[in-house]
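Good morning, colleagues. I should like to take you through one strand and its neighbours, and then through several salt bridges. Please have the structure open as I speak.

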Amino acid sequence: MANKSETLELIRQRKPRHSLSRALYHDAGVYQQDLEQIWYKEWIFAGHSFEIPKAGNYLTLQIGSYPVVIVRDNNGDVRAFHNSCRHRGSRLCTGDKGKVAKLVCPYHRWTYDLDGKLRFAANMGDQFNPDEHGLLPVHCEVVNSYIYVCVAQDAPDFEPFRRDVSPFIAPHNLEDCKVAFESNLIEKGNWKLVFENNRECYHCDGSHPELLNSFLENLSVAGVAGADDPELLAHWERCEKAGLPSRLVMDPNGRYRMTRIPLFKNAVSYTMNGKPAVNGRLDNTDEQNIGALLYFNYPSTWNHFLGDHALSFRILPLGPGETLVTTKWLVHKDAQEGVDYDLDNLTKVWLATNDQDRQLVEESFLGIGSPSYIPGPYSDIAENGVCQFVDWYCDTMQKKLSD
């Protein structure tokens with residue numbers, strides 16, 4: 001297994017505009033460094049605030065070795081805690097989501113208020129001080145329904161991201177949404193391959209017939225460059241005139257970016273015929289063809305916003321060769337299945353696309369595992385997005401491993 005210095009050397013050996021070496025995808029030591037330097041230090045997308053609308057509603061996630069619980073407290077605030085009892089460490093909440101009056105450890109019934117304070121611990125004696133054994137908090141921020149958590153002792157400044165992303169999401173009124181459907185897919189591949197696959201559509205023609213009924217990758221915004229496409233500029237101007245921020249915004253360090261792109265021909269949604277999947281709209285504009293707002297935030301999420309619904313994607317690493325991909329289809333909270341939308345029509349395109357991507361990632365991971373594998377070059381035309389992700393990964397890891 002590669003240690004810290006060996007991982008750093010592997011990253012330094014990468015050729016510019018080439019994929020990563022076999023060890024950077026397969027080695028268990030590299031995977032551990034990925035966790036320690038990125039997943040344990042960056043803001044990670046957890047879920048949406050409307051999924052926990054009332055006091056006691058909670059959701060959980062596993063970030064590497066860290067189980068985390070996110071709960072709505074009695075004041076209406078969203079809080080995050082390490083999902084580990086302060087007695088002997090048992091997880092407090094074992095389900096993916098649920099509702100509780102208090103957080104009660106299933107092992108010895110230690111009981112915590114929704115703000116993390118320990119309220120009951122039987123048979124601990126007179127010298128025991130419950131104030132010293134409250135739940136350990138996890139950094140938690142909410143921006144336009146998106147809940148982000150960070151398990152580091154000192155979290156990075158969240159405000160630059162909030163300042164950049166909020167104007168893009170706000171017009172879509174996500175606080176008034178609900179999850180119409182959730183998909184959880186385990187891909188047998190390294191988390192970096194999952195994100196690399198997302199960041200290019202070089203593979204789309206041969207792999208995604210359903211998606212290509214509506215999606216058309218715009219190469220001028222796929223990587224780090226701005227727009228040089230008259231059609232894209234016209235789309236931005238039309239959407240911005242309607243009150244929808246659209247022009248490319250990027251983090252200077254490459255971690256996040258937002259932009260709005262037109263869809264294929266007259267498509268307005270990700271459906272087989274390109275027509276709306278849901279009656280009604282999420283935004284309040286009169287512009288019918290707003291294309292798709294795309295935003296990603298490494299290492300854990302990419303997102304698509306349409307006129308009628310939105311999709312949030314979250315990835316979580318489960319091991320060097322396993323990644324959990326969670327997709328949520330978001331619709332207005334008042335939309336009724338069977339009345340305002342047909343679930344099969346809403347989900348068909350991305351259920352198919354996700355499974356196709358799973359197969360691509362898994363085959364890549366198996367092929368990269370060959371001792372004969374040699375990292376290949378990225379296309380200067382069609383793979384600027386994936387190169388941008390790999391550059392971000394290498395730059396981030398070099399900086400943190402060198403500290």
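The model before you is predicted. Let us begin with strand S15, where the bridge partner of Leu293 is Phe305. That contact belongs to the antiparallel pairing of S15 with strand S14, residues 292–297, which runs over 5 bridges. S14 and S15 form a hairpin, with 3 residues between them.

On the other side of the discussion is strand S16, residues 310–319, which also pairs with S15 in the antiparallel sense, over 5 bridges. Here His304 stands opposite Leu311, and a hairpin of 4 residues joins S15 to S16.

How are the side chains of S15 arranged? Thr301, Asn303 and Phe305 point one way and Trp302 and His304 the other, and all are buried.

I turn now to the salt bridges, of which the structure holds 19. In one of them, Asp34 meets Lys192, with the closest N and O atoms 2.7 Å apart. Asp34 lies in helix H3 and Lys192 in helix H5, so this pair ties together parts that are 158 residues apart in sequence. Asp34 counts as buried, at 0% relative accessibility, and Lys192 is buried with a relative accessible area of 0%.

A further salt bridge lies within helix H8, where Glu362 and Arg358 are 4 residues apart, about one turn of the helix. Their closest N and O atoms are 2.9 Å apart. Glu362 is buried at 15% relative accessibility, and Arg358 is buried at 19%.

Finally, I draw your attention to a network of salt bridges that links Glu51, Lys97, Glu182 and Lys328.

Methods: Residues numbered from 1 in each chain as written. Predicted model: local features only at pLDDT ≥ 70, side-chain atom pairs only at ≥ 80, totals over all residues. Heavy atoms only, no water. Buried < 20%, exposed > 50% of the residue type's maximum accessible area, 1.4 Å probe, protein only. Helix = DSSP H or I, 4+ residues; strand = E, 2+ residues; numbered from the N terminus. Pairing = 2+ DSSP bridges. Salt bridge = Lys/Arg side-chain N within 4 Å of Asp/Glu carboxyl O.
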